[in-house]
Amino acid sequence: MTVVADRLSSARAQFDPAPGLAYLDAATYGLPPKPTVAALDRALHRWQAGTADWVEEWDREGEACRALFATLIGGAADEVALLPTVSVGVGLVAASLPAGTEVVVPDDEFTSVLFPLLAAEQGRGVVVRTAPFAGLAEAIRPETGLVAFSLVRSQDGRTAPLGAIVEAAARQGAWVLVDATHATPFVPVHPHLDRIDYLICHGYKHLLCPRGVAFLRVRRERWETLTPWFANWRAGSPLYGRSVGGPLTLAPTAARFDVSLAWHAWAGARPALELLVAWQRDGALEDVLALSRRLADGLGAPAPTSSIVVVRAADAEAAEAALAAAGIKCAARGGNIRLAPHVYNTPDDIDRAIEAAARLLA
Ligand SMILES: Cc1ncc(COP(=O)(O)O)c(C=O)c1O
């Protein structure tokens with residue numbers, strides 16, 4: 001117990017939330033650690049002064065982030081591409097699907113996953129079929145070409161049965177696209193990584209990065225079948241080697257799918273990802289899951305399957321506002337109150353949230 005407290009208290013020292021605020025809303029946006037704020041501050045000031053070396057100080061930070069994200073998911077850096085958003089990754093995959101491909105998605109899938117596929121249905125003859133979230137594995141059939149889903153759902157924190165889905169997809173010959181935005185770094189994907197064709201993750205929530213830092217992990221067997229529609233100077237080979245004229249010479253790795261970077265965001269992302277890798281190694285992330293279980297227990301909510309805890313509320317928007325007034329920051333989603341702890345939360349934050357919810361949700 002002492003060890004747990006020590007691990008989280010040293011992690012917590014890296015953050016600076018407003019005094020009195022129990023910030024339990026990493027599922028909306030995660031709080032940046034102090035080194036991320038310092039890196040952004042430095043980047044902005046050196047930009048203002050005109051003294052920055054854009055390659056070494058900003059652009060190359062993306063390479064460090066690529067390797068750090070690979071470590072977090074238990075994958076290889078050369079399979080990771082750097083993107084600005086999730087929908088860009090899904091759109092890239094959608095644009096490469098042959099006409100007539102059947103894509104299975106869960107009901108009520110997040111629009112950044114669903115909409116690019118619906119656009120491909122409208123524009124290119126892809127066929128999107130929806131299925132109940134809990135029955136996704138059973139919905140995959142021989143004519144299915146791709147199954148695409150959020151591993152952890154934003155509206156209720158439910159976690160898809162990844163093992164059963166990749167198993168069914170392999171059996172039926174379908175490819176798998178996972179949005180791990182609400183899963184990584186708390187829900188492991190590495191046991192199934194060799195059966196996930198595309199894994200996409202935005203960093204501004206549970207990865208504590210600035211917005212605009214997202215990742216697309218493309219299984220190496222898919223590098224040649226995915227068309228690099230967004231090819232640009234940064235996706236070229238060698239990196240920084242050429243910025244005008246053909247031919248098309250792209251990186252030999254998944255870096256060919258990079259979208260050129262919104263620099264400062266990546267400079268801010270690096271320290272956050274470095275800390276997450278350290279917390280993953282020393283077990284502090286497990287301690288966050290223990291906070292989530294304690295929160296769910298106290299709220300009488302279902303046992304969490306990720307870091308996210310969800311409790312029903314008669315009027316979720318009113319409950320969100322009342323909790324905010326009590327210094328508890330969480331979010332109303334789909335008729336639920338959604339709470340998402342992280343390393344910056346204290347057991348006291350959790351107990352305050354339980355006490356306030358008991359009073360305000362009764
Ligand atoms: C499941 C999921 N995926 C992705 C995103 C972010 O999407 P985008 O990167 O397209 O802004 C969110 C944001 O709430 C989300 O809940």
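This report describes the domains, one helix, the ligand surroundings and some backbone features of a single structure. The structure is a predicted model, and its residues are numbered from 1 along each chain.

**Domains and their contact**

The protein chain is divided into domain 1, which is made up of 2–32 + 283–360, and domain 2, which covers 60–261. The C-alpha centres of domain 1 and domain 2 are 29 Å apart, and the contact draws 21 residues from domain 1 and 17 residues from domain 2. On the side of domain 1 that touches domain 2, the elements giving two or more residues are α10 (284–299), β9 (309–312) and β12 (336–339), and the largest share, three residues, is that of α10. Sorted by class, this side of domain 1 holds 12 nonpolar, seven polar and two charged residues.

**Helix α2**

Helix α2, residues 34–49, has 16 residues and reaches 22 Å from its first C-alpha to its last, close to the 22 Å expected at 1.5 Å a residue. Within α2, the residues Thr36, Ala39 and Ala43 are buried; seen down the axis of α2, its buried residues fall within an arc of 65 degrees, so they line one face of the helix. An α-helix has 3.6 residues a turn, so residues three or four places apart point the same way. The buried residues of α2 pack against α3 (54–59) and α9 (263–282), whereas the face of α2 turned away from its buried side carries the exposed residues Asp41, His45, Gln48 and Ala49. Just after α2, Gly50 takes a positive phi of about 80 degrees.

**Ligand surroundings**

Around the ligand stand Thr85, Val86, Ser87, Phe110, Ser112, Ser150, Ser154, Asp179, Thr181, His182, His202 and Ala214. The residues of this shell divide into three nonpolar, eight polar and one charged.

**Backbone features in the loops**

Two peptide bonds that are cis, and two residues other than glycine with a positive phi, are listed here.

| Item | Backbone angle | Loop |
|---|---|---|
| Ser237 to Pro238, cis | omega near -5 degrees | Pro238: between β8 (214–218) and α9 |
| Gly246 to Pro247, cis | omega near 0 degrees | Pro247: between β8 and α9 |
| Leu208 | phi near 60 degrees | between β7 (198–202) and β8 |
| Tyr240 | phi near 65 degrees | between β8 and α9 |

Leu208 counts as buried because it has 27 C-beta neighbours inside 10 Å, whereas Tyr240, with 11 C-beta neighbours inside 10 Å, counts as exposed.

Notes: Predicted model: local features only at pLDDT ≥ 70, side-chain atom pairs only at ≥ 80, totals over all residues. Near = placed C-beta within 6 Å. Nonpolar A, V, L, I, M, F, W, Y, C, P; charged D, E, K, R; others polar. Domains from an automatic or database assignment. Contact = placed C-beta atoms within 7 Å. Helix = DSSP H or I, 4+ residues; strand = E, 2+ residues; numbered from the N terminus. Expected span 1.5 Å × (residues − 1). Buried ≥ 20, exposed ≤ 12 C-beta atoms within 10 Å, placed from the backbone. Arc of directions from axis to C-beta.
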